[in-house]
Amino acid sequence: MPERPTVEVDFIAPRHLAGAGDPAWITVPLHRACDWSHGNDLLMPRVVLSSPGQKAVLRLEPDPDGQWWTLHHAQEPGRPAWYATFGARTPVELIAAVTDALTDPVPRPKAPSDPYGPLRRADWPDHGDDGLVSPDATAFVQRTGSPKDPGAWFVTAALGPDRPIWQARFSEHAPPHLITAFTRALASPKPVLRTDGPRALATRDPNLVTRTTTEVLAVYVAGALEERVRRLAGRSAPSPAPLPTDRARRADRGRAR
């Protein structure tokens with residue numbers, strides 16, 4: 001039997017220091033599983049995806065002076081227009097948590113969502129009055145404004161005041177459950193998979209990053225994206241409650257008398 005090819009894979013933790021990863025983890029499922037359309041601007045180094053209702057647009061555009069990912073959403077009843085942006089080295093798993101939540105057909109809970117909740121449950125300490133910081137002090141989550149007039153959210157990964165890695169920004173009116181999806185993915189202790197070696201890491205400091213290298217069958221690595229597409233395409237909204245039958249309606253009227 002011929003040997004099956006393998007790929008050297010790194011499992012990196014914490015995930016916010018793992019590097020960007022493959023953008024296809026976000027763009028391919030949006031197009032194939034969620035029916036987002038894309039243009040055919042083949043001569044430009046960018047991707048533009050639009051939601052089926054044209055309410056949301058995701059742009060991936062290399063910008064040496066700004067954010068590479070931008071998600072814009074149009075105004076809806078009860079919510080002004082909003083946006084979120086993500087730096088080039090933001091791990092795709094964190095951005096995908098936002099796009100997965102945005103496209104989820106299952107209605108979100110009516111209870112308000114607290115983006116700080118997953119971080120507190122992961123024992124992120126307070127950073128004065130400004131927000132929460134990761135236990136290794138390399139990630140920081142902050143909401144601007146005041147309790148009476150809250151503003152935008154900022155998530156920053158850095159190796160010190162002069163060594164920023166990436167930043168995510170959510171505008172004032174971004175839905176809290178989407179920001180919570182991001183912070184939940186950020187707080188997860190689960191390592192992320194990378195195949196581009198240590199060169200993409202922000203640091204190789206073993207005191208900050210755990211890198212476990214192993215050989216994995218290439219078919220499994222290639223199949224991970226396909227499995228993600230299948231899983232997202234298989235999501236469906238809950239069925240509405242069945243209407244009462246004529247017999248049940250007559251019985252209800254009889255009890256009412």
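Two strands are taken to pair if DSSP finds at least two bridges between them. In this predicted model, strand 2 (residues 37–38) and strand 3 (residues 47–50) satisfy that condition with two bridges, and their pairing is antiparallel. Ser37 is the residue that stands opposite Ser50 of strand 3. Strand 3 also pairs in the antiparallel sense with strand 4 (residues 56–60), here over four bridges. Ser50 takes part in this second pairing too, with Val57 of strand 4 as its bridge partner. A helpful way to read this region is therefore to start at Ser50 and look across to Ser37 in one direction of pairing and to Val57 in the other, bearing in mind that strands of a sheet pair through backbone hydrogen bonds, either parallel or antiparallel.

The hairpin of strand 3 and strand 4 has five residues between the strands. Gln54 lies in this loop and has a positive phi of about 60° although it is not a glycine. With a relative accessibility of 51%, Gln54 counts as exposed, because the cut-off for that class is over 50%. Another non-glycine residue with a positive phi is Asp35, where the value is near 65°. Asp35 belongs to the loop between helix 1 and strand 2, and its relative accessible area of 56% makes it exposed. A further backbone feature is found in the loop between strand 1 and helix 1, which holds Pro14: the peptide bond from Ala13 to Pro14 is cis, with omega near -5°.

Strand 1 itself is part of an open sheet of three strands, arranged in the order 11-1-12 with antiparallel pairing. Strand 11 (192–194) and strand 12 (210–217) form the edges, each pairing on one side only. On average, neighbouring strands of this sheet are turned by 35° against each other when direction is ignored. Between strand 1 (residues 6–13) and strand 11 there are three bridges, and Asp10 stands opposite Arg194 of strand 11. Helix 5 (residues 218–233) lies across strand 1 and strand 12, and runs at about 105° to strand 12.

Turning to the helices, two packed helices are described by the angle between their axes and the distance between the axes. For helix 1 (residues 24–32) and helix 2 (residues 92–103), the axes come within 9 Å and cross at roughly 20°. The two helices are therefore roughly parallel to each other, since angles under 35 degrees are classed that way. Helix 1 contributes Trp25, Ile26 and Leu30 to the contact, while helix 2 contributes Val92, Glu93, Ile95, Ala96, Thr99 and Thr103. By type, the residues of this contact are six nonpolar, two polar and one charged.

The buried residues of helix 1 are Ala24, Ile26, Thr27, Pro29 and Leu30. Their packing partners are strand 3, strand 4, strand 5 (69–73), helix 2 and helix 5. Thr27 offers a closer look at this helix. Its relative accessibility is 14%, so Thr27 counts as buried, the limit being under 20%. Beyond residues up to four places away in sequence, Thr27 touches Val47, Leu49 and Trp69.

The largest nonpolar core has 50 residues, and the members that touch the most others are Phe86, Trp166, Phe170 and Phe182. Helix 4 (residues 176–187) gives the most to this core, with seven residues. For Trp166, the contacts outside its neighbours within four places in sequence are His16, Arg89, Thr90, Pro91, Leu94, Val155, Thr156, Ala157, Phe182 and Leu186.

Val98, placed in helix 2, is buried, with a relative accessible area of 1%. Leaving aside neighbours within four places in sequence, Val98 is in contact with Leu71, Phe86, Phe170, Leu178 and Phe182. Among these partners, Phe86, Phe170 and Phe182 are also among the core members that touch the most others. Val98 and Val221 lie 123 residues apart in sequence, and 23 Å separates their C-alpha atoms in space.

Definitions and conventions. Residues numbered from 1 in each chain as written. Predicted model: local features only at pLDDT ≥ 70, side-chain atom pairs only at ≥ 80, totals over all residues. Heavy atoms only, no water. Core = buried A, V, L, I, M, F, W, Y, C linked by side-chain atoms within 4.5 Å. Buried < 20%, exposed > 50% of the residue type's maximum accessible area, 1.4 Å probe, protein only. Contact = heavy atoms within 4.5 Å. Axes fitted to C-alpha atoms, helices over the stretch in contact; angles between N-to-C directions. Parallel < 35°, antiparallel > 145°, perpendicular 65-115°, else oblique. Nonpolar A, V, L, I, M, F, W, Y, C, P; charged D, E, K, R; others polar.
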